[in-house]
Every structure is written in C-alpha cells, then in structure tokens.
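User: I would like to learn how to read the features of a protein model. Please give the general idea each time, then the case at hand.

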Amino acid sequence: MTGANTESSESEGERQGTVARRRWRILAEALQRSNNRDASPDSVSTRKFQSFGLLLFEELGQEFYSVRCINSDFKVIVRLLRRDFSPSQLTGFNNTGNVCIWPSEEILTYYCLSNLKIFSGKSVLELGGGMTSLAGMLVAASGVVSKMVLTDGNALSVSNVKVSLQKNSLPVETCASLFFDDGRDSLLLTLLAVLRPGGTALVVAPARSGTFHCFASMCRPHFRVAIVEKYDHVVDQLAQKSFAGNAFLPLLGGQGGFNHTHCLQSARDPHYNHNLHFPLLMVLKKIGTN
C-alpha cells in the first residue's frame, strides 16, 4: 500500500517541470520563514488545505502525539518533526514526507482501518510512508497482519519512524524504499518486485491532472487494475463539505484529546481543490500464477 506525499500548487494545465519549481519554492519559504511556529500537528506544512479531519491527536510533549483514526480505537504514538529544513536538506532531494501527514496518508489510514479483513494474516509493505508511516503503524497495531514493513525513500523519515516505533510495541520492520513520488517507473518496478502473482497493492493518491490515471495505464499490462472514486461514504461526504459546504477539522489544542465530538465547523475551505487534494484508490492485483 502506498500514499502519495506531495501536492502541486500549479494550475491543472501544467504537467511538466513542476517538481523542480515546487522544491525551489519550498527552499525559498524555508529561508524566509520566521521563528514563530504554530504548535499544531499540521503547522509544519507549507500546503494550504490541511486535513479531512479523520485523525485525532493527543499531544504528549517533545514532538510526540498519540494518534488514532475516527473509525477505530487503535492508537499509536508518533513523532511529528518540528523544525525548519536547511537548504542542503531541501535541494535536489525529496523531503516532502517530512513536511506533514499528507491527506493521502490520512485517507489511506482510514481506508485500511475500515477494511482490516483484507490484511488478515498477510505480509504488508507500506511504500513511501513519510515521517510517520501512520497507515502501516495503525494496521500493525490492530494485530491482524503477520508481518508489516514500513519504507520511505528519505533516510530522515525512516529514522523518525524508528523513533516512533520505540514508543510502541509493534511487530514492524523499517527500511528505505528506492523510489520517489515523482518516479512512476520506479514505483511500478518496485511493485512488480515485491508482489507475488495474485498479490494486491493499494495505491492512494490524488488525480493531479492525469498523473494518477497515467500510472494506472502503465500498470495494466502487469496488473488487474480497479480505480475507485467513491470508496467510503464518510470520506466522500467530508470531501463534498470541503468542496461545496462546510469542512470539519479536529480541535488540536491542549484540551483536544481524543473526543472526536470536539470539532470546528468552518466555512467552505477556499484552498480545497478536488483534483489536488482528494485521493483516489487504485487496487492492483498482480497477473500470473504461482
């Protein structure tokens, strides 16, 4: 399973050359950023649309949070990085997984916990889990998997996940993955290498001006591909509220805790873009026999 971590701020008509511009923009913002930082879990994000409100955080101090999803009682302790990135860390390297918990990881977490039976007794690999690998952590916390491996292409992300794992008693392994979010060829090769015939991969990512469907086309010679846009009524309702109604966001102050009735009902989020922010689900089943 994999959740995409990056978000494009360019218009939908731009398809090429956006990655380098985004990285330079992040670099410029990092150099100009003041020392006054918000304390909420999403404060380290440079993105404007923050969350669908599916995750509940309880602050434990020293960058650690106890986190659960609204559809489950399982919870894990994770560390959310709270620091500015130096130019050497941002230039020429994919560091977006250390910026925040992206909506795709949030949606992937919710979907996996709503469908735990598909992981029962299975060996599970999360590719590109970012600084928390939250989906894999919470699925491991459920106890249904026989083995869980968490990966990311950034060494800092892997190191941070290991720190989080020290706070949890989970049967989990970590390692660095060999692809970036913008490397569709590498992602396809990775899936072909790690899956046996009949094995299944869940890919969660926004449409992003056709990039999601482009990857689906690349997969069709090797996988049975199913693309699901309405895979959960709760997620769909939250997306519709963000797009055309009201957005529900969790209160993350010191009194927030895990009471999911503590919600803020705000006006429609003007930053929400369905093409950029709503993750689609791709189910890949590898063709062939053992």
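Analyst: Start with burial: a residue counts as buried when its relative accessible area is under 20%. The model here is predicted. N168 has 13% relative accessibility, so N168 counts as buried.

User: Where is N168 placed, and which residues is N168 in contact with, leaving aside its neighbours within four places in sequence?

Analyst: N168 sits in the loop between α5 and β7 (172-176). Apart from neighbours within four places in sequence, N168 is in contact with V76, I77 and M137.

User: How many of the residues in the protein chain are buried, as a percentage?

Analyst: Of the 290 residues in the protein chain, 49% are buried. The accessible surface of the chain is about 13,600 Å², and carbon and sulfur atoms hold 52% of that surface.

User: What does the chain contain in helices and strands?

Analyst: The protein chain has 9 helices and 12 strands. On contacts along the sequence: among those in the chain with a separation of 6 or more, 73% are between residues 24 or more positions apart.

User: Now a sheet. What is the order of strands in the open sheet of 3 strands?

Analyst: In reading a sheet, take the strand order, then the pairing, then the edges. The order in this open sheet is β2-β3-β4, and the pairing is antiparallel. β2 (55-61) and β4 (75-79) are the edge strands; each has a single partner strand, so one side of each has no neighbour in the sheet. On average, neighbouring strands of this sheet are turned by 30° against each other, direction ignored.

User: How many bridges join β3 to β4, and which residue in β4 does F64 stand opposite?

Analyst: Strand β3 (residues 64-69) runs antiparallel to β4 and is joined to β4 by 5 bridges. F64 stands opposite R79 in β4.

User: Which strands of the sheet does helix α4 touch, and which does helix α5 touch?

Analyst: Helix α4 (residues 134-142) packs on the sheet and touches β2, β3 and β4, with its direction at about 145° to that of β4. Helix α5 (residues 155-166) also packs on the sheet; α5 touches β3 and β4, and its direction makes about 135° with that of β4.

User: How should a pair of packed helices be read?

Analyst: Two packed helices are described by the angle between their axes and the distance between the axes. For helix α6 (residues 184-194) and α7, the axes come within 11 Å and cross at roughly 45°. That angle makes α6 oblique to α7. The crossing of α6 past α7 is right-handed.

User: Which residues in α6 and α7 meet?

Analyst: From α6, the residues are R184, D185, L187, L188 and L191; they meet T211, C214, F215, M218 and C219 in α7.

User: One more feature is the backbone angle phi. What is the phi of S133, and is S133 buried or exposed?

Analyst: S133 is not a glycine, yet has a positive phi of about 45°. S133 is found in the loop between β5 (123-126) and α4. Its relative accessible area is 1%, so S133 is buried.

User: And what is the case for R208?

Analyst: R208 is not a glycine either, and R208 has a positive phi of about 45°. R208 lies in the loop between β8 (200-206) and α7 (211-219). With 17% relative accessibility, R208 counts as buried.

Key: Residues are numbered from 1 along each chain as its sequence is written. This is a predicted model: local features need pLDDT of at least 70, side-chain atom pairs count only at pLDDT 80 or more; totals for chains, interfaces and linings use all residues. Side-chain values use heavy atoms; hydrogens and water are left out. Two strands pair if DSSP finds at least two bridges between them. Helices (H or I, at least four residues) and strands (E, at least two) are DSSP runs, numbered from the N terminus. Axes are lines fitted to C-alpha atoms, for helices over the stretch in contact, and angles run from 0 to 180 degrees between N-to-C directions. Contact means heavy atoms within 4.5 Å. Buried means under 20% relative accessible area, exposed over 50%, partly exposed in between (1.4 Å probe, protein chains only). Accessible areas come from the Shrake-Rupley method with a 1.4 Å probe; for residues, only the protein chains shown count as cover. Angles under 35 degrees count as roughly parallel, over 145 as roughly antiparallel, 65 to 115 as roughly perpendicular and the rest as oblique. A crossing is left-handed if the near helix is turned anticlockwise from the far one by less than a right angle, and right-handed if clockwise.
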